[in-house]
Amino acid sequence: QMQLMVFGGGLVPPVGSLRLSCAASGITFRVYQKAWYLQAPGRARELVAVITSGCNTNYADSVQGRFTVSGDNANDTVYLQMNSLKPEDTAVYYCSFRRAIAYLKYQNFWGQGTQVTVSS
């Protein structure tokens, strides 16, 4: 059965670093686009970073140059390396796996979310 397990959240001071991990089981890892989202209190979930099944990456402007998304096919794990963290990065972070099953129709799986707090 499908399962996404997220690790790596926590409390970090400004300019610090964290690495989030999202380990998948029960799916064919390589066929999915993987993404990281954040959700701050009172706000909608926002896209942070994407890595496609072809290993192309895209980032939100707010994290460009600071965050790096990567995948490890051997371990069925996607990572989000978060450097130069800012207080405004504070949010719950979610990993998402998506694949197209029809035109403009997608199958989505979500991890449980992990809290990242950037504070002195």
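Visitor: What is the handedness of the disulfide of cysteine 22 and cysteine 95, and why?

Guide: The sign of the torsion about the S-S bond settles that. In this predicted model, the torsion for cysteine 22 and cysteine 95 is about 40°, so the disulfide is right-handed. The two sulfur atoms are 1.9 Å apart.

Visitor: Which elements hold cysteine 22 and cysteine 95?

Guide: Cysteine 22 belongs to strand 3 (residues 18–25) and cysteine 95 to strand 9 (residues 91–102), so the disulfide ties together parts that are 73 residues apart in sequence.

Visitor: Are cysteine 22 and cysteine 95 buried or exposed?

Guide: Both cysteine 22 and cysteine 95 are buried. Cysteine 55 takes part in no disulfide, and the nearest cysteine sulfur to it, that of cysteine 22, is 16 Å away. With 56% relative accessibility, cysteine 55 counts as exposed, because the cut-off for that class is over 50%. The count for the model is one disulfide.

Visitor: Next, the sheets. What is the strand order in the open sheet of four strands?

Guide: Strands of a sheet pair through backbone hydrogen bonds, in a parallel or an antiparallel sense. Here the open sheet of four strands has the order 1-3-8-7, and its pairing is antiparallel. Strand 1 (3–7) and strand 7 (67–72) are at the edges with a single partner strand each, so one side of each has no neighbour in the sheet. On average, neighbouring strands of this sheet are turned by 15° against each other, direction ignored.

Visitor: How many bridges pair strand 7 and strand 8?

Guide: Strand 7 and strand 8 (residues 77–82) are paired over six bridges in the antiparallel sense. One register point is glycine 71, whose bridge partner in strand 8 is valine 78.

Visitor: Which residues does threonine 77 contact beyond its neighbours within four places in sequence?

Guide: Threonine 77 is in strand 8. Beyond those neighbours, threonine 77 is in contact with Ser21, Cys22, Ala23, Phe29, Ser70, Gly71 and Asp72. Cys22 in that list is the cysteine that forms a disulfide with cysteine 95. Threonine 77 has 6% relative accessibility and counts as buried. Its side chain reaches the backbone oxygen of asparagine 75 at 2.9 Å.

Visitor: Which strands does strand 4 join through bridges, beginning with strand 9?

Guide: Strand 4 (residues 33–39) is joined to strand 9 by seven bridges, and the two run antiparallel. Two pairs fix the register: glutamine 39 has valine 92 as its bridge partner in strand 9, and lysine 34 stands opposite phenylalanine 97. Strand 4 is also joined to strand 5 (residues 46–51), by five bridges in an antiparallel arrangement. There, tryptophan 36 stands opposite alanine 49.

Visitor: Which other strands pair with strand 9, strand 10 among them?

Guide: Strand 9 pairs with strand 10 (residues 105–110) in the antiparallel sense over six bridges, and arginine 98 stands opposite asparagine 108 in that pairing. Three bridges join strand 9 to strand 11, again with the strands running antiparallel. Valine 92 has glutamine 115 as its bridge partner in strand 11. Valine 92 is also the partner of glutamine 39.

Visitor: Hairpins can be read through backbone phi. Which residue takes a positive phi in the hairpin of strand 4 and strand 5?

Guide: That hairpin has six residues between the strands, and glycine 42 takes a positive phi near 75°. The hairpin of strand 9 and strand 10 has two residues between the strands, and there leucine 104 takes a positive phi near 60°.

Visitor: Which residues touch the most other members of the largest nonpolar core?

Guide: In a regular strand the side chains alternate between the two faces of the sheet. The largest nonpolar core has 32 residues, of which Trp36, Val48, Leu80, Tyr93 and Phe97 touch the most other members. Elements giving two or more residues to this core include strand 1, strand 3, strand 9 and strand 11 (114–118). Leaving out residues up to four places away in sequence, phenylalanine 97 touches residues including Leu4, Cys22, Phe29, Val78 and Phe109.

Visitor: Is valine 15 buried or exposed?

Guide: Valine 15 is exposed, with a relative accessible area of 65%. Valine 15 lies in the loop between strand 2 (10–12) and strand 3. Not counting residues up to four places away in sequence, valine 15 touches Ser84 and Leu85.

Definitions and conventions:
Residues are numbered from 1 along each chain as its sequence is written. This is a predicted model: local features need pLDDT of at least 70, side-chain atom pairs count only at pLDDT 80 or more; totals for chains, interfaces and linings use all residues. Side-chain values use heavy atoms; hydrogens and water are left out. A disulfide is a pair of cysteine sulfur atoms within 2.5 Å. Buried means under 20% relative accessible area, exposed over 50%, partly exposed in between (1.4 Å probe, protein chains only). Two strands pair if DSSP finds at least two bridges between them. Axes are lines fitted to C-alpha atoms, for helices over the stretch in contact, and angles run from 0 to 180 degrees between N-to-C directions. A polar contact is a pair of N or O atoms within 3.5 Å; within protein, one must be able to donate a hydrogen and the other to accept it, and residues adjacent in sequence count only if both atoms are side-chain atoms. Contact means heavy atoms within 4.5 Å. A nonpolar core is a set of buried Ala, Val, Leu, Ile, Met, Phe, Trp, Tyr and Cys residues joined through side-chain atoms within 4.5 Å.
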